[in-house]
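Please open the model in your viewer and keep the selection tool at hand. The stops below go from the loops to the sheet, then to a helix and the aromatic rings.

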Amino acid sequence: MIKIAVCDDEQLYMDNTGEMLRKYAEAHAETFVIEYFVSSSMLLDRIEGGKRYDIYLLDIYMPGVSGMSVATELRSKSIRSPIIFLTSSTEHAVEAFGVDATHYLLKPYTDQNFFAAMDK
């Protein structure tokens with residue numbers, strides 16, 4: 001069972017990511033437990049409470065705390081789980097290397113791009 005955190009303030013992309021995770025799990029005979037967060041602060045509260053995930057899917061542009069800040073916080077806590085950024089801009093692609101991101105997907109992403117990121 002793989003625990004996944006999805007953090008995105010846009011419901012359309014949250015739903016889209018959930019559907020792609022369902023398809024990926026089905027195609028790869030995986031079992032996912034997915035928690036959804038509409039803000040970075042909600043996710044950070046869970047992490048501060050000791051919750052850990054096997055994969056983090058993070059939007060970068062969110063009100064308040066950015067997804068990049070969440071990734072920086074994860075790494076500062078020595079959390080080495082894969083991070084996949086789901087974003088609308090290439091602006092932070094280089095910065096993603098600094099937090100050892102697994103992948104950087106531009107919205108709207110396709111099943112093929114999403115599956116490739118998850119395969120990593």
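Helices (H or I, at least four residues) and strands (E, at least two) are here DSSP runs, numbered from the N terminus. The model is a predicted one, and the tour begins with its loops.

**Loops with unusual backbone angles**

Select Ser-78, which lies in the loop between helix H3 (67-76) and E4. Its phi is near 60 degrees, a positive value in a residue other than glycine, and Ser-78 counts as exposed at 59% relative accessibility. Most residues other than glycine have a negative phi, and most peptide bonds are trans. Go next to Ala-29, in the loop between H1 and E2, where phi is again positive, at about 50 degrees, although the residue is not a glycine; Ala-29 is exposed, with a relative accessible area of 71%. Then show the backbone from Lys-107 to Pro-108, where the peptide bond is cis, with omega near -10 degrees. Pro-108 belongs to the loop between E5 and H5.

**The sheet**

Now colour the strands: 5 of them form an open sheet with parallel pairing, in the order E2-E1-E3-E4-E5. E2 and E5 are the edge strands, each pairing on one side only. With direction ignored, neighbouring strands of this sheet are turned by 15 degrees against each other on average. Zoom in on E4 and E5, which pair in the parallel sense over 4 bridges, and select Phe-85 to find its bridge partner in E5, Tyr-104. Next add H2, which packs on the sheet and touches E1, E2 and E3, with its direction making about 125 degrees with that of E2. H5 also packs on the sheet, touching E1, E2, E3, E4 and E5, and its direction makes about 170 degrees with that of E5.

**Down the axis of H5**

Stay with helix H5 (residues 111-119) and show the side chains of Phe-114, Phe-115, Ala-117 and Met-118, which are buried. If you look down the axis of H5, its buried residues fall within an arc of 160 degrees, so they line one face of the helix. Which exposed residues does the face of H5 turned away from its buried side carry? Select Gln-112 and Asp-119, and you have them. To see what covers the buried residues of H5, display strand E1 (2-7), helix H1 (11-27), E2, E3, strand E4 (83-87) and strand E5 (103-106), which are included in that cover.

**Aromatic rings**

For the last stop, show the rings of Phe, Tyr and Trp, which pair if their centres lie within 6.5 Å; by this rule there are 7 aromatic pairs. Since the rings of Tyr-24 and Phe-32 have centres 6.2 Å apart and planes at 10 degrees, this pair is stacked, and both Tyr-24 and Phe-32 are buried. Compare the rings of Phe-37 and Tyr-53, whose centres are 6.1 Å apart and whose planes stand at 80 degrees, so the pair is edge-to-face. Phe-37 lies in strand E2 (residues 32-37) and Tyr-53 in the loop between helix H2 (40-48) and strand E3 (55-59), so the pair ties together parts that are 16 residues apart in sequence. Phe-37 counts as buried at 4% relative accessibility, and Tyr-53 is buried too, with a relative accessible area of 3%. Finally, select Tyr-13, Tyr-109 and Phe-114, which ring pairs link into a cluster; of these, Phe-114 was met before, among the buried residues of H5.

Technical notes. Residues are numbered from 1 along each chain as its sequence is written. This is a predicted model: local features need pLDDT of at least 70, side-chain atom pairs count only at pLDDT 80 or more; totals for chains, interfaces and linings use all residues. Side-chain values use heavy atoms; hydrogens and water are left out. Rings of Phe, Tyr and Trp (its six-membered ring) pair if their centres lie within 6.5 Å; planes under 30 degrees apart count as stacked, over 60 as edge-to-face and the rest as tilted. Buried means under 20% relative accessible area, exposed over 50%, partly exposed in between (1.4 Å probe, protein chains only). The arc is that of the directions from the helix axis to the C-beta atoms. Contact means heavy atoms within 4.5 Å. Two strands pair if DSSP finds at least two bridges between them. Axes are lines fitted to C-alpha atoms, for helices over the stretch in contact, and angles run from 0 to 180 degrees between N-to-C directions.
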